Amino acid sequence: MLAECNDKGVPLVVTEGYRTFARQQELYEQGRSKAGLIVTNAKAGYSFHNYGIAFDVAFKKGKAISWDGNWDLIGKIGKSLGLEWGGDWASFKDKPHFQLTKGKSIDWYYNQIAKGLVDESGQTISNNDENLVKYNQSDSALNKNMLKELFNDSRFKSLLWRTGMMALAFLVNAGASNLTALQLDPSVTVFIGLILGEISKALNNYLSNK
Ligand SMILES: [Zn+2]
């Protein structure tokens, strides 16, 4: 496609090809949880760029790159070569974008490849969500959203409340019996300590990502 466009007098450069899940999520957060304009509606795993079957182009003008040019012409050339063109999309027209999906939906790629069910040739490899879980854990933006959801969850709020009341009741009881309760029931102390530890970890994590 690049050669053909070059021949027709519209030299192009590829500005983006394969994208990691982490980079996709970074782009998705842009204009949402992070500053900037929204550049994509696709979360990690939901862009054909994540599977190496999409690329974006721009016009080469001497040594410079430009997004100002005859998009319709290059769209036509790309399509004549069997590519799908983002300029044809009804919502969120993406004129620099071309892809070759082999007739499969993004959900197919996500469910089959991102979740590790098959490799890109269609060969079954495993049946677990480990790839996604691993990715999700390493992504601070997702962790932040998960924590936000957690703190907005009424069950979690009520757990916090009950834990607080338990701790208070325990301390009152311990005070009344001259702290002998601490020795009598170390498991309760450990339990409360663990819960408070988890809560402070979660809070810390949340605040450091804010
Ligand atoms: Zn693209």
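**Confidence, fold and core of the predicted model**

Over residues 126-139 pLDDT stays under 50, and for this stretch the model has 15 contacts beyond four places in sequence. The structure described here is a predicted model. Its mean pLDDT is 78, with 70% of the residues at 70 or more.

The protein contains nine helices and five strands. Along the sequence these elements follow the pattern α-β-α-β-β-α-β-β-α-α-α-α-α-α. Of the 210 residues in the protein, 14% are buried. When contacts between residues at least 6 apart in sequence are considered, 52% of them join residues at least 24 apart.

In soluble globular proteins, nonpolar side chains tend to be buried together. The largest nonpolar core of this protein has 13 residues, and Ala54, Val57, Ile74 and Phe98 are those with the most contacts inside it. At least two residues of this core are supplied by each of β2 (54-61) and α3 (71-80). The largest share, three residues, comes from β2.

Phe98, one of these core residues, lies in strand β5. The residue is classed as buried because 25 other C-beta atoms lie within 10 Å. Leaving aside neighbours within four places in sequence, Phe98 is in contact with Ala54, Phe55, Val57, Gly78, Leu83, Glu84, Trp85 and Gly86. For one of these partners, Phe55, the C-alpha atom is separated from that of Phe98 by 5.5 Å, although the two residues are 43 residues apart along the chain.

Helix α3 contributes to the core and has two sides that differ in burial. Ile74, Ile77 and Gly78 are buried in this helix. These three residues lie on the same side of α3, because they cover an arc of only 100° around the axis. Asp72 and Ser80, on the other side of α3, are exposed. The buried residues of α3 pack against α1 (2-7), β1 (12-16), β2, β4 (84-85) and β5 (97-99). For Ile74, the contacts beyond four places in sequence are with Cys5, Val10, Leu12 and Val57. Gly78, also among the buried residues of α3, is one of the contacts of Phe98. Just after α3, Gly82 takes a positive phi of about 95°.

Helix α2 (residues 21-29) also has buried residues, namely Phe21, Gln25, Leu27, Tyr28 and Glu29. A glycine with positive phi is found just after this helix as well: Gly31, at about 85°.

Positive phi values also occur in residues other than glycine. Phe92, with phi near 55°, is one such residue, and its place is in the loop between β4 and β5. Phe92 has 11 C-beta neighbours inside 10 Å and therefore counts as exposed. Lys102 likewise has a positive phi, near 55°. The place of Lys102 is in the loop between β5 and α4 (106-114). Lys102 is exposed, with 9 other C-beta atoms within 10 Å. Two phenylalanines described here thus fall into opposite classes: Phe98 is buried, whereas Phe92 is exposed.

Technical notes
Residues are numbered from 1 along each chain as its sequence is written. This is a predicted model: local features need pLDDT of at least 70, side-chain atom pairs count only at pLDDT 80 or more; totals for chains, interfaces and linings use all residues. pLDDT is the predictor's confidence in each residue, from 0 to 100. Two residues are in contact if their C-beta atoms, placed from the backbone, lie within 7 Å. Helices (H or I, at least four residues) and strands (E, at least two) are DSSP runs, numbered from the N terminus. A residue is buried if 20 or more other C-beta atoms lie within 10 Å of its own, exposed if 12 or fewer, and partly exposed in between; C-beta atoms are placed from the backbone. A nonpolar core is a set of buried Ala, Val, Leu, Ile, Met, Phe, Trp, Tyr and Cys residues joined through C-beta atoms within 7 Å. The arc is that of the directions from the helix axis to the C-beta atoms.
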